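Visitor: Could you show me around this structure? I would like to hear what lies behind the terms people use for it.

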Amino acid sequence: MDMPGFLRELPKVSLHCHLEGSIQAQTVVDLSNKHGIALPDFDEPEELYDYPDIYEFLKMYDIAAHSVRDHDDFRRVTYETLQEAASHSVRYREMFWSPKVHLDSGVDYQTAVDGVIQGIRDAEVDLGIECRLIADINRMETAEEGLAMVEVVTANPRPELIGVGLDYAEAGNPPERFTEAFKLAGDHGLHRTAHCAEDGPAVNI
Ligand SMILES: [Zn+2]
């Protein structure tokens with residue numbers, strides 16, 4: 001076996017992936033058409049993911065996330081990213097997802113989380129890949145918004161959702177802001193993690 005083939009078949013664990021950041025470009029187009037959501041101009045769908053920095057990426061991340069609206073959408077985007085992972089022999093993934101961005105676009109939490117979990121369960125049956133979820137706190141938002149998101153998550157426990165984490169842009173958004181949100185998550189037995197020292201100081205680690 002050649003080296004690329006060996007590496008593809010090597011069993012893997014995937015510990016850093018974002019559901020909304022791994023929606024396939026064609027799927028963003030399909031779902032945006034389905035729900036009448038405007039996209040930036042493009043010739044090929046892949047151009048939607050052509051961005052110069054994290055801030056431009058985050059704009060597209062939110063647009064892609066807003067295109068995911070009903071149970072079937074959430075199931076589809078979840079299944080597709082796990083299908084892609086399984087094609088690279090990922091056997092287990094812990095995947096961030098952004099409940100708040102869906103709540104902001106008027107999707108109720110149960111629709112979102114149960115659609116995602118359906119995708120996880122279908123992928124496990126069909127492809128043998130296991131996945132668990134980390135609900136992310138957008139650290140560019142306020143302490144109150146982070147706490148409110150964790151309150152929604154803890155009021156709707158699901159066995160597949162095992163933790164919370166901090167993401168979005170780190171610089172200028174210190175983790176201390178979310179002490180209360182992390183405490184609540186811990187009180188409910190959830191694991192806690194954070195993106196650290198991507199563009200923030202090493203003290204964040
Ligand atoms: Zn990340």
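Guide: Gladly, and let's start with one residue pair: Cys 17 stands opposite Met 95 in β2. This is a predicted model, where local features need pLDDT of at least 70 and side-chain atom pairs count only at pLDDT 80 or more, while totals for chains, interfaces and linings use all residues. Residues are numbered from 1 along each chain as its sequence is written, and side-chain values use heavy atoms, with hydrogens and water left out.

Visitor: How do you know that strand β1 and strand β2 pair?

Guide: Two strands pair if DSSP finds at least two bridges between them. Strand β1 (residues 12-18) and strand β2 (residues 90-97) are joined by 5 bridges and run parallel, so they count as paired. Strands here are DSSP runs of E with at least two residues, helices are runs of H or I with at least four, and both are numbered from the N terminus.

Visitor: What joins β2 to strand β3?

Guide: There are 6 bridges between β2 and strand β3 (residues 130-138), and these strands run parallel. One example is Tyr 92, whose bridge partner in β3 is Glu 130.

Visitor: What makes the unit of β4, helix α8 and β5 right-handed?

Guide: A crossover is right-handed if, with the strands pointing away from the viewer, the path from the first strand over the helix to the second runs clockwise. The β-α-β unit made by β4, helix α8 (residues 179-187) and β5 is right-handed. Its strands, β4 (residues 161-167) and β5 (residues 191-194), pair in the parallel sense over 4 bridges, and Gly 163 has His 191 in β5 as its bridge partner.

Visitor: Why is α7 called roughly parallel to α8?

Guide: The axes, which are lines fitted to C-alpha atoms (for helices over the stretch in contact), are compared by angles from 0 to 180 degrees between N-to-C directions. Those of helix α7 (residues 143-155) and α8 come within 8 Å and cross at roughly 10 degrees. Angles under 35 degrees count as roughly parallel, over 145 as roughly antiparallel, 65 to 115 as roughly perpendicular and the rest as oblique. That is why α7 is roughly parallel to α8.

Visitor: And what makes α2 and α4 roughly antiparallel?

Guide: The axes of helix α2 (residues 25-35) and helix α4 (residues 71-87) come within 12 Å and cross at roughly 175 degrees. α2 and α4 are therefore roughly antiparallel to each other.
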